Structure formats: C-alpha cells, structure tokens
Amino acid sequence: VVEGLVGLVGGEDAESARHAGRTLANLSRGVGNQKRLLAHPAALPALIDMLVSADPEVQRYGGGVFANLACDAANPAAISDHPHCLQRLTRLLRSQDAETARYAALALANLACDPAKQAQIGAEEQVFVDLAALLSSGEDAAARHAARALANLAWNPVNRSKIATLPVVQEAIAGVLDSGEGEARRYAVGAVANLLYRNIELQAWILNRPASFRVLGKLLASDDAETRRYAARAVANVSRNAAGREALNSSEEILRNVGQLVVQADAEARRHAQRALAALAPPSSEAARDGAQMGGGGGGGGWRAEAGLLQVLDGG
C-alpha cells in the first residue's frame, strides 16, 4: 500500500497525487503507522518532496504527514537528518496557506522534543522569526503550535542565545504572555521559563518589562496547572539573578502567590516555588541561590530533568 501511495504522490496526475497525499496524511495519524511509513525505503524521500510540490494541497498534506510522523520518538532523527527536510519544513512556515504553515509549526514543535535536534532546527535564525510571526498571527492553532515550538527550541542554550539577539521574537512571546489566551499563552509562559534559564540577557529582558513581569506573577495563581508550573519555573530561574531577586522581593503579589504554591500546588510547581523562596531568603551561602537551577535526574538542566518538553501527540 505504501509503495503504491508513494508512487502516486510523486506522479504526474495531479488529482491522484492529492488523493494519495491525503491518504498518507490520514495513515500517519495512526501511532503504529508512524513507524511503518518510514520503514519503507522510498517513503521518506517522497514525503519530503511533497513539501515542495507545485500543488498547494499536496504541500499541505506533506506538512500534516510530518506533524504526525514526528510524534513518534523514534522518527525525529531520521526525519531531521535527511537532506533538505528541515529546510523545506521551515520554509513552509511562510506559506500563504494558513493550514500548511500551521502543520509546519506543529511538525517542528514535535521534532524539537528531541534535545539532540533542537540546535539543528534552530541553525538558521529565520526559523525563530517565522515562528514569532505565527505566534502573533491571531490564529489560535498557529499560535499554539508556534508557542510549543519556541518553548522546545528555547530549551537549547545555543537557541536561547540566538533568541536573546532577536527582539521581534521576544516581543511576540511577551505579547502572548501579556494578553494571550488558552494553550498559546500556556506555552508562551513555558517559553519564557526556558529562556530565563541561565541567560542573563533574557532575564534582564523580562525584568525590563514590568507589565510582563507582573503578568508572570499573576499566572502563578492561574487556574491552569501547567501554566502555574511554567510560571513557577520562570520565577525560580529569574531568582538566580540579583536584579531578579530584588524585583521578586518588591512584589507582594508574587511573594504571596509563590507562598501559596509551596503549600497548595502539585509537586513540581511546589518544588520550583521552594527553590525561588530559598533564593529570595537571606542565604547562608550562595548554595541556597543555586538551588533554583532546574537540575535533577534524567537529563541535565532546564526542563530536561522535569519532562518539560511539550511533546505534541494530537497529530495533524
């Protein structure tokens, strides 16, 4: 079946190519099929060619296929290591077709769940700029997927350094943090939490936006548990900075909300709140302040130890 579909999607008959592309996109939604599709030697090159098809509909199905295939943890290496794949996917972020751009963002968000691929995906700064444009687009699904992608990419220290030099990306994230809604805002908070990890420039960025900093403090009391956790991570990270500690200590609302997390929140949010409070209290040594680091068993700093990657399993 796969061999026949691959042949049709790359064939000269436009209608057959569209039907084959749609069928491949639907097949790729099945968890078992995500492995089986890539097991066929001719599948991946043909799927990658869909991303540059002259037919916009085939391009769209190609984006959906990769959004789904990247859900399987075994697939990102094969996908991102294939020549031209990442370049073609990132180019689709600028597609005039909103659905195609949205699928491309979702595919990159899923691929970026693999820490080993984050720097590769962020090799060109333009990918951050294009994701920022989708984040600010006003289209809910596009903003949600772009926020997830930026949050995952920001886990990588090289990517954080790049974003620190891109005000347009910072402004897009801050805009959704300040006034966004739903999942897009949740993952914008997650992006901020990662960006603030051991990056003085980005810590200064959030501290120099008093309104955004206040919003971050309010979100410590969000009704959404994930948002609370991400906000607590952000506060714990900024508490490593002397200016951050001063700003946190001067906000009664933030101190109150952090205190509430210590006694009422789930284990992860409570842990981050405790680290923030340990850094804010007059320490007996610098070791107390270093406690805000997001370390731990399983994978290093940032979100790695906390299973904080926003792996998307909702497919295309």
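## Exercises on a predicted all-helix chain

Both Tyr187 and Tyr230 are buried (under 20% relative accessible area, with over 50% being exposed and the range in between partly exposed, for a 1.4 Å probe and protein chains only). The model is predicted, with local features needing pLDDT of at least 70 and side-chain atom pairs pLDDT 80 or more, while totals for chains, interfaces and linings use all residues. Residues are numbered from 1 along each chain as its sequence is written, and side-chain values use heavy atoms, without hydrogens and water.

**Exercise 1.** State how many helices and strands the chain has, and what share of its residues is buried.

Solution. Step one: helices (DSSP runs of H or I, at least four residues) and strands (E, at least two) are numbered from the N terminus. The chain has 21 helices and 0 strands. Step two: of its 316 residues, 54% are buried.

**Exercise 2.** Classify the aromatic pair formed by Tyr187 and Tyr230, and locate its two residues.

Solution. Step one: rings of Phe, Tyr and Trp (its six-membered ring) pair if their centres lie within 6.5 Å; planes under 30 degrees apart are stacked, over 60 edge-to-face, and the rest tilted. The structure holds 1 such pair. Step two: the ring centres of Tyr187 and Tyr230 are 6.3 Å apart and the planes are at 40°, so the pair is tilted. Step three: Tyr187 is in helix H14 and Tyr230 in helix H17 (residues 225–238), so placed that the pair links distant parts of the chain, 43 residues apart.

**Exercise 3.** Describe how helix H10 (residues 126–135) and helix H11 (residues 140–153) meet.

Solution. Step one: axes are lines fitted to C-alpha atoms, for helices over the stretch in contact, and angles run from 0 to 180 degrees between N-to-C directions. The axes of H10 and H11 come within 7 Å and cross at roughly 145°. Step two: H10 supplies Phe128, Leu131, Ala132, Leu134 and Leu135 to the contact (heavy atoms within 4.5 Å), and H11 supplies residues including Ala142, Ala146 and Leu153. Step three: the contact residues divide into 12 nonpolar, no polar and no charged. Here Ala, Val, Leu, Ile, Met, Phe, Trp, Tyr, Cys and Pro count as nonpolar, Asp, Glu, Lys and Arg as charged, and the others, Gly among them, as polar. Step four: 13 of the 14 residues of H11 are buried.

**Exercise 4.** Check the length of H11 against its expected span.

Solution. The expected span is 1.5 Å times one less than the number of residues. For the 14 residues of H11 this gives 20 Å, and the end C-alpha atoms are 20 Å apart, which agrees.

**Exercise 5.** Find the phi values and settings of His84 and Arg198.

Solution. Step one: most residues other than glycine have a negative phi. Step two: His84, not a glycine, has a positive phi of about 80°. His84 sits in the loop between helix H6 (76–81) and helix H7 (85–92), and counts as partly exposed at 46% relative accessibility. Step three: Arg198, also not a glycine, has a positive phi of about 50°. Arg198 lies in the loop between helix H14 (182–195) and helix H15 (200–207), and is partly exposed at 47%.

**Exercise 6.** Give the setting and contacts of Thr227.

Solution. Thr227 is in helix H17 and is buried, with a relative accessible area of 5%. Leaving out residues up to four places away in sequence, Thr227 touches Arg186, Val189, Leu219 and Ser222.
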